[in-house]
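Work through the exercises below with the sequence and coordinates at hand. Each task is followed by a stepwise solution.

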Amino acid sequence: MTSNVPATYQEVFKTDRGVVYQCDVTNRLVLEFWDTHTQLSARDFAQFRRMVETIDVRQMALSTDAAYDVEILTPPRSERCYVLTLCEIIHLRELLNGAKLMLELNTMLRECGCSLSKY
């Protein structure tokens, strides 16, 4: 993962395989996965997460057909294309779901008048 992160990026969630940052200047979420960076609006992030969630990983794991060896995903309004194996899809799911959870938690704390930065 990159150590040259712009100062405007705030880490939302991190795994061994990637990081999701929030940039308040551009109002974008930045997905860093396998040394690639993809900027997404909150809406596009949610749509991409749903795309990853709908992949039938069970079918990929059980099928011997080569067509199920990889899944090709293109985030909304992005020129990036991910060609992912089953393991990479699992890692991406973990990253996206963790980021979603942290964003929801931050929203709940903000609604209660609290902030993660206070602690």
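**Charge and conventions**

The protein carries 13 positive and 16 negative side chains, and the centres of the two sets lie 7 Å apart. Here Lys and Arg count as positive and Asp and Glu as negative, with His and the chain ends not counted; the place of a charge is NZ of Lys, CZ of Arg, CG of Asp or CD of Glu. This is a predicted model, in which local features need pLDDT of at least 70 and side-chain atom pairs count only at pLDDT 80 or more, while totals for chains, interfaces and linings use all residues. Residues are numbered from 1 along each chain as its sequence is written, and side-chain values use heavy atoms, with hydrogens and water left out.

**Exercise 1. Determine the order of helices and strands along the sequence.**

Step 1. Assign helices (H or I, at least four residues) and strands (E, at least two) as DSSP runs, numbered from the N terminus.

Step 2. Count them: the protein has 3 helices and 6 strands.

Step 3. Reading along the sequence gives β-β-β-β-α-α-β-β-α.

**Exercise 2. Find the salt bridges in the whole structure.**

Step 1. Apply the criterion: a side-chain nitrogen of Lys or Arg within 4 Å of a carboxyl oxygen of Asp or Glu. The search returns 2 salt bridges.

Step 2. One pair is Asp44 and Arg77, with the closest N and O atoms 2.7 Å apart. Asp44 belongs to helix 1 (residues 42–53) and Arg77 to the loop between strand 5 (70–73) and strand 6 (82–85), so the pair ties together parts that are 33 residues apart in sequence.

Step 3. Another pair is Glu104 and Lys100, where the closest N and O atoms are 2.8 Å apart. Both residues lie in helix 3 (residues 86–111), 4 residues apart, about one turn of the helix.

**Exercise 3. Classify the paired residues, Asp44, Arg77, Glu104 and Lys100, by accessibility.**

Step 1. Set the classes: buried is under 20% relative accessible area, exposed over 50%, and partly exposed in between (1.4 Å probe, protein chains only).

Step 2. Asp44, at 3%, is buried, whereas Arg77, at 66%, is exposed.

Step 3. Glu104 is partly exposed at 37%, and Lys100 is partly exposed at 30%.

Step 4. For the protein as a whole, 32% of the 119 residues count as buried.

**Exercise 4. Locate Leu62 and give its separation from Thr15.**

Step 1. Leu62 lies in helix 2 (residues 57–62) and is exposed, with a relative accessible area of 58%.

Step 2. Leu62 and Thr15 are 47 residues apart along the chain, and their C-alpha atoms are separated by 26 Å.
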